[in-house]
Structures are given as structure tokens and as C-alpha cells.
Amino acid sequence: MSEAAAATTPPTISMDSLLGPRLLTKVGGPQKATTELLKDKSLVLLYFSASWCPPCQSFTPILIDFYNSVKDQKLEIVYVSSDRTVGDFEGYYEKMPWLSVSNDPGSATVKNNLAQKLGIAGIPTLMVLDAKTGQFISAKARE
């Protein structure tokens, strides 16, 4: 690779450095390694949402239908919750068929870092990332 090409190639960011080392697969279920869960995926959609948000409550069923129609493809959705309590998070996430950033102590740091890196200004927001490089693709996936 030429020096010019190397200088313009964005750095690779691992999914576990963005999302944390482990993700939830369901409420109350065991957490699994982020790298293992996403290893065969091409795209990761980050869904910033919360149970208390009326536009989120309207969009989530649409996203569930979309996910169920493409879940066998190389795409995964990861929920990034803005819920205020564990109970609110669990009640909302149990309706979702995809992965979630953990709600363990310390997960707020992961969520805040993601929101800052990606410039999240409101919810619901659906961001598309390249699963292999961690690079941003689109902020308009919801449209």
C-alpha cells in the first residue's frame, strides 16, 4: 500500500472497544463476548432508544419487523438504552429480538462514550457501522 493510501485509510476500531467486551442476548440471560456475537456480521446498527420515549415506542415495532425479515443476513442490531432504571430497561428490552449493551455497573460509561463519539443528540437514533472496521456508515438508517 502506498503512503498516500495508508494515510487516508481510517483506523480500525474493534466492536468490543466500542460496545464493551460482552453484550446481552436477552433479559436475564448470560452475557456473551462481543467479538464472538458479531464475528460473522458485516453491519452493526446501534439503536439508541428508551422505554419512556413515545417516538421510540412507535419506531421499535417497525424495527422489529425489519430485523425479523433480515436477521439471517450479515446484520445485527445492538440496543443502547437511555432508560433510567434497570426495570424500565428490562421491560422494554424483553420485547426486542436483538443484542444490547450491558446494563451492568460501568455500562453508562460505554453508552456515554458511544453517544459522544457518534454525536447522538436525541432518540430514537439508528446508526450504521461497518462490523469489521467499526467505521461509521450512516446516521439516517431510521429514515
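The paragraphs below lead from the chain as a whole to strand S6, then to a cluster of aromatic rings, and finally to two residues that touch it.

The model is a predicted one, in which local features need pLDDT of at least 70 and side-chain atom pairs count only at pLDDT 80 or more, while totals for chains, interfaces and linings use all residues. Residues are numbered from 1 along each chain as its sequence is written, and side-chain values use heavy atoms, with hydrogens and water left out.

The chain holds 6 helices and 7 strands, where helices (H or I, at least four residues) and strands (E, at least two) are DSSP runs numbered from the N terminus. Read from the N terminus on, the order of these elements is α-α-β-β-α-β-α-β-α-β-α-β-β. Of the 143 residues in the chain, 39% are buried, a term that stands for under 20% relative accessible area, with exposed meaning over 50% and partly exposed in between (1.4 Å probe, protein chains only). The chain exposes about 7800 Å², of which carbon and sulfur atoms supply 54%; these accessible areas come from the Shrake-Rupley method with a 1.4 Å probe, and for residues only the protein chains shown count as cover. Among the contacts (heavy atoms within 4.5 Å) with a separation of 6 or more, 64% are accounted for by residues 24 or more positions apart.

Strand S6, which covers residues 125-130, is a good place to begin. Because 5 of its 6 residues are buried, S6 is largely enclosed by the rest of the structure. Strand S3 (residues 43-49) runs antiparallel to S6 and is joined to it by 6 bridges, and strands are said to pair if DSSP finds at least two bridges between them. S6 also pairs in the antiparallel sense with strand S7 (residues 136-138), over 2 bridges, and here Val128 has Ser138 in S7 as its bridge partner. The hairpin of S6 and S7 has 5 residues between the strands, and in this hairpin Gly134 takes a positive phi near 75°.

Within S6, Thr125 has a relative accessibility of 15% and therefore counts as buried. Phe48 stands opposite Thr125, and, once neighbours within four places in sequence are left aside, Thr125 is in contact with Leu46, Tyr47, Phe48 and Ile120. Its side chain also reaches the backbone oxygen of Gly122 at 2.5 Å.

Tyr47 leads on to the aromatic rings, since Tyr47, Phe59, Tyr67, Tyr79, Phe89, Tyr92, Tyr93 and Trp98 form one aromatic cluster. Rings of Phe, Tyr and Trp (its six-membered ring) pair if their centres lie within 6.5 Å, and planes under 30 degrees apart count as stacked, over 60 as edge-to-face and the rest as tilted. By this rule the count comes to 8 aromatic pairs. One of them joins Tyr47 and Trp98, whose ring centres are 6.1 Å apart and whose planes stand at 85°, so the pair is edge-to-face. Tyr47 lies in strand S3 and Trp98 in the loop between H5 and S5, so this pair ties together parts that are 51 residues apart in sequence. Both residues are buried, Tyr47 with a relative accessible area of 0% and Trp98 with 1%. The rings of Tyr67 and Trp98 have their centres 5.5 Å apart and their planes at 80°, so they too form an edge-to-face pair. Since Tyr67 lies in helix H4 (residues 54-70) and Trp98 in the loop between H5 and S5, the pair ties together parts that are 31 residues apart in sequence. Tyr67, at 7% relative accessibility, counts as buried.

Which residues of the cluster do Thr60 and Met96 touch? Thr60, placed in helix H4 and buried at 5% relative accessibility, touches Tyr47, Ser49, Tyr92, Met96 and Trp98, not counting residues up to four places away in sequence. Met96 lies in the loop between helix H5 (86-93) and strand S5 (99-101), and is buried with a relative accessible area of 7%. With the same sequence neighbours set aside, Met96 touches Tyr47, Thr60, Ile64 and Tyr79. Tyr47 thus appears among the contacts of Thr125, of Thr60 and of Met96.

Conventions. Polar contact = N/O pair within 3.5 Å; in protein donor to acceptor, adjacent residues only side chain to side chain.
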